[in-house]
Amino acid sequence: MQVALTINGEERSADVEPRTLLVHFIRDDLDVTGTHWGCDTSNCGACVVLMDGEPVKSCTVLAASAAGHEITTVEGLAHDGELDPVQQGFIEEHGLQCGFCTPGMMLTARALLDRNPNPTDEEIREAISGQICRCTGYLNIVKAVRWAADHTAAPIAGS
Amino acid sequence: MQIPAAFEYERATSIENALELLQQRGPEARLLAGGHSLLPMMKLRLAAPEHLIDIDPLAEELGYIREADGEVRIGAMTRHRELLESELLADRLAIFTDAERVIADPIVRNRGTIGGALCQADPAEDLSAVCAAVKASLVIRGLDGERVLTMTEFHRGPYETAVGEAEMLVEIRVPLVMNAGSAYEKVERRVGDWAVAAAGAALRLEGGTVAEAGLALTAVGGGVTCERAEASLANQMPVEAAFVAAADLAADDCSPTADQRGSAEYKRHLARELTLRALRSAAARALGEREY
């Protein structure tokens with residue numbers, strides 16, 4: 001079947017089996033490989049992407065169900081060569097070691113900050129609680145998200 | 001790589017269309033709601049439907065929590081996250097808020113739906129006990145119209161409900177009553193896991209005594225309701241002795257089995273202790289001492 005969706009602002013489509021999972025559709029059919037494929041069981045959160053701005057585990061969403069929706073992957077975070085504050089925060093606070101969980105962590109952080117620009121550490125921990133970092137770098141991940149919150153220019157009133 | 005077995009896929013354009021598709025495709029067709037119970041089962045070949053009818057396009061139409069005619073009405077496609085964030089539920093039916101805090105994780109809660117959870121009827125799934133405790137009614141629609149069932153009629157056992165082949169659950173209705181409180185208590189091995197055991201309680205007080213009690217358990221046997229324990233609370237003062245007696249009955253009547261989450265003995269112990277805690281909390285909320 002033909003599945004068409006928007007990924008990082010670009011309309012893409014591919015002919016796939018209905019049973020194709022979103023994570024494989026993104027990586028193998030669209031060749032956008034920044035999204036990581038981890039546990040296959042909706043436990044680890046490595047495959048998190050944003051669907052219409054909200055984080056989902058793409059190993060547990062059919063590509064077919066995502067048709068017509070807007071998907072954002074880690075490749076969609078930077079704009080015009082400028083890193084998203086969340087990405088910069090992961091650099092500044094050493095928010096990654098092996099990097100496997102990082103794309104999913106950063107996307108969840110982006111969605112959190114979009115809804116809640118100044119979250120408490122508790123809220124950051126809650127937001128990433130469905131994702132596993134096996135380097136156990138949680139402390140620095142929380143600091144990285146905190147950095148992004150602290151370094152995001154306040155939206156200009158009326159804009 | 002875990003991939004479901006092959007199936008034919010269709011997207012429903014309306015409730016009517018979903019029902020027509022179910023009828024045309026026959027017994028090997030299944031509805032796909034949020035997919036966070038069904039897809040994992042399909043990957044493991046515990047489910048292998050030949051036709052999947054995706055009702056994600058109905059998420060808007062069937063995604064709501066509203067008050068009407070003395071009830072809270074919840075659309076079947078309402079996602080866990082919306083249940084968790086509902087102020088109406090937190091204020092009047094806190095059992096939903098208690099349960100949603102400990103269902104999976106925030107990202108899974110973005111997709112999973114109440115209707116999907118109830119229809120999957122996993123024995124360790126939380127919302128069946130929540131709905132049973134608050135005496136919810138389930139609205140099931142077929143091509144010939146609607147029927148409304150109690151949780152006892154709806155929930156037939158593990159993975160089995162009263163929803164027929166060409167029918168779908170469209171709404172959950174929960175009575176809104178005064179002087180009432182409800183709570184859910186769960187023990188899990190780690191954050192986001194299925195329950196080792198859990199208990200839901202709802203109490204309505206009248207003139208200082210219990211006018212109506214609802215008790216239900218998760219993951220400790222096929223059924224979810226605890227009729228003897230509920231009956232024992234009728235006309236009792238909402239005090240510890242009554243709660244202990246009810247918790248004993250709930251624990252006696254459940255039928256846990258040993259698995260990797262614990263022994264039958266441990267689960268029965270939890271059934272008693274969690275029923276007791278849920279009753280204490282429900283009573284405190286009914287009396288206005290809201291501790292949440």
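**Entry 1: helix H1 of chain A**

I started just past H1 of chain A, where A:Asp31 takes a positive phi of about 60°. A note to self before going on: this is a predicted model.

Then I stepped back into the helix itself. Which residues of H1(A), residues 22-29, are buried? I found A:Leu22, A:Val23, A:His24, A:Phe25 and A:Ile26. A histidine sits in that buried run, as A:His24.

Next I looked up what lies over them. The cover on the buried residues of H1(A) includes strands E1 (2-7), E2 (10-15), E3 and E5 (70-72) of chain A.

**Entry 2: the two domains of chain A**

I split chain A into its assigned parts: domain 1 runs over 2-76 and domain 2 over 85-150. Their centres, taken over C-alpha atoms, are 21 Å apart. Where they meet, domain 1 of chain A puts in 15 residues and domain 2 of chain A puts in twelve.

I wanted to know which elements carry the domain 1 side. E3 (48-51) and E4 of chain A each supply at least two residues there. E3(A) gives the most, with three residues. I sorted this side by class too and got eight nonpolar, six polar and one charged.

E3(A) had already turned up in Entry 1, among the elements covering the buried residues of H1(A).

**Entry 3: chain A against chain B**

On to the contact between the chains. It takes 24 residues from chain A and 23 residues from chain B. On the chain A side, the elements giving two or more residues are strand E4 (54-57) and helix H4 (121-127). Which of them gives the most to the side that touches chain B? That is E4(A), with four residues.

I noted that E4(A) also supplies at least two residues of the side of domain 1 that touches domain 2 in chain A. So much for strands; the class count for the chain A side facing chain B came out as ten nonpolar, eight polar and six charged.

**Entry 4: chain B as a whole**

I turned to chain B and counted twelve helices and 13 strands. The C-alpha trace spans about 55 × 45 × 30 Å along its principal axes.

Why call chain B a compact globule? I checked the radius of gyration: a compact globule of 292 residues would have one near 19 Å, and chain B has 19 Å, so the two agree.

Buried residues come to 53% of the 292 in chain B. I also looked at contacts with a separation of 6 or more: 63% of those in chain B are between residues 24 or more positions apart.

**Entry 5: domains 2 and 3 of chain B**

Chain B is assigned three domains: domain 1 (8-55), domain 2 (65-175) and domain 3 (180-286). I took the last two as a pair. Their centres lie 19 Å apart over C-alpha atoms, and 22 residues of domain 2 are in contact with 22 residues of domain 3.

On the domain 2 side, helix H5 (94-101), helix H8 (127-133) and strand E8 (155-157) of chain B each supply at least two residues. H8(B) has the largest share, five residues. By class I have 14 nonpolar, four polar and four charged residues on that side.

**Entry 6: the core of chain B**

Which members of the largest nonpolar core touch the most other members? They are B:Ile95, B:Leu217 and B:Ala250, out of 148 residues in that core.

I followed B:Ala250 further. Leaving aside neighbours within four places in sequence, B:Ala250 is in contact with B:Leu215, B:Leu217, B:Cys226, B:Ala229, B:Ala271, B:Arg272 and B:Thr275. B:Arg272 is the one I would flag for its class, as arginine counts as charged.

**Entry 7: strands E11, E12 and E13 of chain B**

Last stop, strand E12 (195-206) of chain B. Ten of its twelve residues are buried, so I wrote it down as mostly covered.

E12(B) pairs with E11(B), residues 180-188, through nine antiparallel bridges. As one example, B:Glu185 has B:Ala199 of E12(B) as bridge partner. The two strands form a hairpin with six residues between them, and B:Gly192 in the turn has a positive phi of about 85°.

E12(B) is also joined to E13(B), residues 209-218, by nine bridges, again antiparallel. Here B:Leu205 has B:Val210 of E13(B) as bridge partner. This hairpin has two residues between the strands, and B:Gly207 takes a positive phi near 60°.

Technical notes: Residues numbered from 1 in each chain as written. Chains lettered and ligands numbered in written order. Predicted model: local features only at pLDDT ≥ 70, side-chain atom pairs only at ≥ 80, totals over all residues. Contact = placed C-beta atoms within 7 Å. Domains from an automatic or database assignment. Rg over C-alpha atoms; globule rule 2.2 N^0.38 Å. Buried ≥ 20, exposed ≤ 12 C-beta atoms within 10 Å, placed from the backbone. Core = buried A, V, L, I, M, F, W, Y, C linked by C-beta atoms within 7 Å. Pairing = 2+ DSSP bridges.
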